[in-house]
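I opened this one up to see how the chain is put together. My notes follow the order in which I looked things up.

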Amino acid sequence: MSQIRSPTRDSLENFIFQKIYDCCYAMACDDEKDEELSNMLEALQFVSWKHLDLNCLRNCSTKASMDEEESKSRSNDDDFPIAKEMWLPVLESVNSIDLHWSPSAKIQQMNRILKQIANVLQSVDNGKSGSLPGSDDILPLLILAIIKAHPKKLYSNLLFTQYYATHDQLRGEGGFILTQFQSAVQFLLGVDSGSFTIVSSEFEA
């Protein structure tokens with residue numbers, strides 16, 4: 001059985017968890033933390049990309065001026081230098097984590113999100129930096145995506161994944177993917193005025 005790999009193993013796992021999901025999820029979920037995170041995300045809707053250490057976006061924003069047609073395709077969030085057609089699918093993907101049944105499916109969905117973010121950063125950079133996006137670039141944009149997507153049960157979904165994923169699934173890339181999301185959530189649960197590039201009075205307002 002240990003030799004069965006995806007997609008066969010993942011399909012079997014997904015089928016089984018689809019049958020027992022409600023029971024397994026109930027044992028792993030944390031409604032209080034979900035509510036705490038949701039309230040924090042609602043309070044942080046004022047946060048824009050300029051409040052985070054997104055130097056890669058800041059550099060791209062200052063290096064190139066947008067023509068009128070290109071500007072219309074951008075988000076209206078403080079001249080956000082990412083086109084809506086690239087940003088909105090990221091937010092939809094964040095909200096779709098809860099729609100997957102199994103730990104492997106949730107990890108795969110999180111992986112898609114990180115790849116989407118990396119692709120967005122590469123597209124915005126357009127080869128100017130000469131390097132691929134790293135964790136220092138991806139994590140802040142992931143945090144912003146979670147804020148703007150405002151998923152309702154993200155904390156419990158991460159708990160579910162941590163509890164029920166196998167050791168093999170959490171080794172290597174799988175563990176890195178889950179850790180990125182856990183790091184983003186822990187950051188959001190502990191934010192204060194010093195967490196963002198913002199004056200204290202604006203944060204407290």
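These entries go from the whole chain down to single residues.

Entry one, the overall picture. I am working with a predicted model. I counted 10 helices and zero strands in the chain, so to speak an α-α-α-α-α-α-α-α-α-α run from the N terminus on.

Entry two, burial and contacts. I found that 42% of the 205 residues count as buried. I then took the contacts between residues at least 6 apart in sequence, and 76% of them join residues at least 24 apart. For the accessible surface of the chain I got about 11200 Å², with 50% of that belonging to carbon and sulfur atoms.

Entry three, helix α7. I checked its length first: α7 covers residues 135–149, and because each residue should add 1.5 Å, its 15 residues should span 21 Å. The C-alpha atoms at the ends of α7 are 20 Å apart, which agrees. Next I listed the buried residues of α7: Ile138, Pro140, Leu141, Leu142, Ile143, Leu144, Ala145, Ile146, Ile147 and Ala149. Right after α7 I came to histidine 150, which has a positive phi, near 55 degrees.

Entry four, a patch on the surface. Which residues make the nonpolar surface patch of about 340 Å²? I noted Leu12, Phe15, Ile16 and Ile20. I picked leucine 12 for a further look and placed it in helix α1, residues 8–28. Leucine 12 has 37% relative accessibility, so I put it down as partly exposed, since that class lies between the 20% and 50% cut-offs.

Conventions: Residues numbered from 1 in each chain as written. Predicted model: local features only at pLDDT ≥ 70, side-chain atom pairs only at ≥ 80, totals over all residues. Heavy atoms only, no water. Helix = DSSP H or I, 4+ residues; strand = E, 2+ residues; numbered from the N terminus. Buried < 20%, exposed > 50% of the residue type's maximum accessible area, 1.4 Å probe, protein only. Contact = heavy atoms within 4.5 Å. Areas by Shrake-Rupley, 256 points an atom, 1.4 Å probe, with all protein chains shown as cover. Expected span 1.5 Å × (residues − 1). Patch = residues over 30% accessible without salt bridge, like charges linked within 9 Å, V, L, I, M, F, W, Y side chains within 5 Å. Salt bridge = Lys/Arg side-chain N within 4 Å of Asp/Glu carboxyl O.
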